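Me: Please take a close look at one part of this protein, the open sheet and the helices that pack on it. Add a little on the surroundings afterwards.

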Amino acid sequence: MTAVMMALVSGVAITAVATAALHDLSGAFKTEEVAGAALQTARLSWPGPVPAVLPRGKSDGIQVLDATGRVVAATPNLAGAPPVTDFVPPGSGATHESRVCDLPAFPGECVRVVAFRVHREGGDLVVYSVAEPVPWYVHPGLFAVILGASLLTVLLSGLGAYRTVGEALEPVKEIRRELEEITATDIGRRVTVPAVRDEIRQLAETINQTLDRLEAAAEQQRRFASDASHDLRSPLTAMRAQVEEALLYPDDVDWNSKARAMLCSLDRLQAIVSDLLTLARLDSGISARRERIDLGALTGDELDRRRARIRIDRDLSPGVTVVGDRLRLARLLTNLVDNAERHAAHRVSVRVSRAGDTGNTESGRDERDDKGTAVVEVLDDGAGIAPEQRELVFQRFTRLDASRNKDAGGTGLGLPIAREIALAHGGTLRLEDDSAGARFVLRLPLAREQEDDPP
């Protein structure tokens, strides 16, 4: 309906413009014809006598006035009529044109009058030639032709545009149909990419990339739900077995030891739920408070709070300042040290420095460290992790071989949480080469000296 209305409006607009142009052209042409008729009459009246009845020719009326202003000749339609006007060519000019309204011979109309001065002995003559106004439509037949041609042009143009746009959008319709099928059936399918390199191909490639990300996110969500349910079920199953055993043999139960065992299961359950909530907050992108933090001092404070279960060596450079959330960075450091303690044989080493410092070359700092970066290294002297498995430990609920994962205290979420916190602070967390054990390296951008505390 909208297209039809636009076509009609376009047709009317074209017709109006064309009619107005032809009206102006016809009016100018009519005036030229009237002037020509006046000039012909002037030639007839010079130098001989003026005939009393004049031919109209292409004029709508002609009058000839003598020097006294008396009508001495006229066309039949103006015979006996008073002078059509009283203006004369100014000065010694030979011709003049003016628009005159409500003449007795042309009531209710405005006509164009062309005046010619004819010089004769005994007094000049003035010839008036009248042209009636051209109708706004110029001519009924011509207006009908213009209107029909305009509508036909708009119709053909509209049909051509509709066909062209339809053909151009056909690949988009096909992509939409495929996308509907993919949404309803199999998210693993992909839309067909056109061979022609144009915007439609770019659209198809972008849709496929979006589907790739959606499939990966859906798979990650399914895997996460499966792993979470498995890890949550383990402590719940243990607690249920302990309760059922106590109910079966209530007189033989050592309630103190049973309560302590159940508390261990509850602690593990609480740790898993807490880690899941932390990951949910990190995934949601909720912004946290950011402030200037001395990373060495923060690391020292967190190590001081720990109950020593194994030897921890420190090498904490002062003045290594970053901008971030103190609580989240403390959680990151705690997770790294917890992981190192669980897998260390005798000791854990924690180092904080600026990238490029040369004071501790034995740490094996990566030469890729750039100035302007804070580096935190957490090392243990345990069995280490094979290079091909170093990224797996950052996946949620990942379990590696028994040499590093026979551990009742871990939830499988500590290292993924640590990496998410590092990424949220514009940094990185990786496992890197070391002579023995595992070496986790955290890199964060240093705070600029001119930078004020963020709000």
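Reply: The sheet comes first, then its helices, then two single residues and the whole chain.

This is a predicted model, in which local features need pLDDT of at least 70 and side-chain atom pairs count only at pLDDT 80 or more, while totals for chains, interfaces and linings use all residues. Residues are numbered from 1 along each chain as its sequence is written, and side-chain values use heavy atoms, with hydrogens and water left out.

The open sheet is built from five strands in the order β7-β9-β10-β12-β11, with mixed pairing. Strands here are DSSP runs of E with at least two residues, helices are runs of H or I with at least four, and both are numbered from the N terminus. Two strands pair if DSSP finds at least two bridges between them. At the edges lie β7 (311-316) and β11 (428-432), each of which pairs on one side only. On average, neighbouring strands of this sheet are turned by 15° against each other, direction ignored. Axes are lines fitted to C-alpha atoms, for helices over the stretch in contact, and angles run from 0 to 180 degrees between N-to-C directions.

Within the sheet, β9 (residues 347-354) and β10 (residues 373-380) run antiparallel and are joined by seven bridges. Arg-354 has Ala-374 in β10 as its bridge partner.

Helix α5 (residues 295-305) packs on the sheet and touches β7, β9, β10 and β12 (439-445); contact means heavy atoms within 4.5 Å. The direction of α5 makes about 165° with that of β7. Helix α6 (residues 326-343) lies across β7, β9, β10, β11 and β12, and runs at about 25° to β10.

Ala-424 belongs to helix α8 (residues 414-424). Ala-424 counts as partly exposed because its relative accessibility is 47%; buried means under 20% relative accessible area, exposed over 50%, and partly exposed in between (1.4 Å probe, protein chains only). Ala-424 and Arg-328 are 96 residues apart in sequence, and their C-alpha atoms are 9.7 Å apart in space.

Elsewhere, Arg-117 sits in strand β4 (residues 106-118). The side chain of Arg-117 reaches the backbone oxygen of Pro-89 at 2.3 Å.

As for the whole, the protein has eight helices and twelve strands. Of its 455 residues, 36% count as buried. Among contacts in the protein with a separation of 6 or more, 62% come from residues 24 or more positions apart.

Key. A polar contact is a pair of N or O atoms within 3.5 Å; within protein, one must be able to donate a hydrogen and the other to accept it, and residues adjacent in sequence count only if both atoms are side-chain atoms.
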